[in-house]
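Biologist: I've got this one open on my screen and a few of the labels puzzle me. Can you walk me through them?

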Amino acid sequence: MSEILLHYTRAGHIENIHRGDVAVVNCEGEIVKEIGNAHLPMFWRSAAKPFQALPFVKNGGLDKYNISEEELAILVSSHSGEANHVALVRGIFKKLGVTEDDLECGVMRPLNGKTFKAMIKSGEPITQVHNQCSGKHAQIMALAIMLGVPVKDYSQPQHEAEKLIFKHVAMASKMPEDKLEIGIDGCGVPVFYLPLYNMSLAYARLSTPSKGNWDDYEIAATKIRDAMSHYPQVISGTGRIDCAVSEITRGRVIAKIGSDAVYCLAIKDENLGITFKIEDGDYGAVTPMVIAILKNLNLLTKDESNELDKLFPPILKNHRGDIIGTIETVF
């Protein structure tokens, strides 16, 4: 059963409660810490993206299409639709010989508020490339081209690229293929349903590929990990907790959001993967929870902790900017 993780208070009284589940796992598959149910099955959402890219990277896609490390980062991102994000995705399209019309992710406004307002003011149209998942879709299209199959309908579960991705997600998370369920994600591609434990195990293996028993996939896993570590702003976006926690720890903490408040972290070269799910899916609870779990596991230095608290203070303000409450960790 999910446990209470956070209290939101007003005038000294608890006003809102966020419950959730946490699984902290090492490469050996040992549960280092469990809050609630580490084996709670849940949709992995966008936190699965690093592993969806495995077949493309393993089979030489980076060299074949001259994909840089920064471009690899956008392929596994949930980007904010900022100018550099859009430019990276469009640059990959040119290398692949596809267009934005080939995307099947749907139109979505940029997550970055300043970018969105500037586009509205200038009249620039919002297109599919601004969707936070357009990088992932570019990667799936690239895989289809590598496989020599049509790009059209690449988002469908029966497409050869999606079938191959499914096998690699199962492999990375140590899930038997007949136990790995799928649904349809917000961007239209298959989304994977599996225990938090297996998500954390995959991130533990990603954290330290040399200890992750990747066999022939160790080089590919390392390339993906390093791209995420080196380009946190590309992986997420300016001002977001994913970006901030990785930048402040100089890439030691690799963070990846999934929709509806599922979240994964890998501690680089520390043999550790972390997954949590906020029960009610409230994205607002994600940022304080990321900081709280890293503090709880003593994975931040004092300076790193203080810097994150300055950026994301555990307080609540009203529309005038008055402090009216607190966000309190209760685990």
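Modeller: Let's start with the rings: this is a predicted model, and it holds seven aromatic pairs.

Biologist: What makes Trp44 and Phe51 a stacked pair?

Modeller: Their centres are 5.3 Å apart with 20° between the planes. Pairing needs centres within 6.5 Å, and stacked means planes under 30 degrees apart, so they pass on both counts. Phe56 and Tyr65 are stacked too, at 6.3 Å centre to centre and 15° between the planes. Ring pairs also link Trp44, Phe51 and Tyr203 into a cluster.

Biologist: How do you know whether Trp44 is buried or exposed?

Modeller: Buried means under 20% relative accessible area. Trp44 has 0%, so it counts as buried. Phe51, at 1%, is therefore buried as well.

Biologist: Why is Ser236 called buried?

Modeller: Same reasoning: its relative accessibility is 1%, under the 20% cut-off, so Ser236 counts as buried. Ser236 is in the loop between α11 and α12. A polar atom of its side chain lies 3.0 Å from the backbone oxygen of Pro232. Among the residues Ser236 touches are His79, His85 and Asp242.

Biologist: Why are helices α7 and α8 called roughly perpendicular?

Modeller: The axes of α7 and α8 cross at roughly 110° and come within 9 Å. Angles of 65 to 115 degrees count as roughly perpendicular, so α7 and α8 get that label.

Biologist: Which residues of α7 meet α8?

Modeller: Ile140, Leu143, Ala144 and Leu147 in α7 meet residues of α8 including Leu164 and Ile165. By class, that contact has seven nonpolar, no polar and two charged residues.

Notes:
Residues numbered from 1 in each chain as written. Predicted model: local features only at pLDDT ≥ 70, side-chain atom pairs only at ≥ 80, totals over all residues. Heavy atoms only, no water. Axes fitted to C-alpha atoms, helices over the stretch in contact; angles between N-to-C directions. Helix = DSSP H or I, 4+ residues; strand = E, 2+ residues; numbered from the N terminus. Parallel < 35°, antiparallel > 145°, perpendicular 65-115°, else oblique. Contact = heavy atoms within 4.5 Å. Nonpolar A, V, L, I, M, F, W, Y, C, P; charged D, E, K, R; others polar. Buried < 20%, exposed > 50% of the residue type's maximum accessible area, 1.4 Å probe, protein only. Polar contact = N/O pair within 3.5 Å; in protein donor to acceptor, adjacent residues only side chain to side chain. Phe/Tyr/Trp six-rings, centres within 6.5 Å; stacked < 30°, edge-to-face > 60°. Lists of a residue's contacts leave out its neighbours within four places in sequence.
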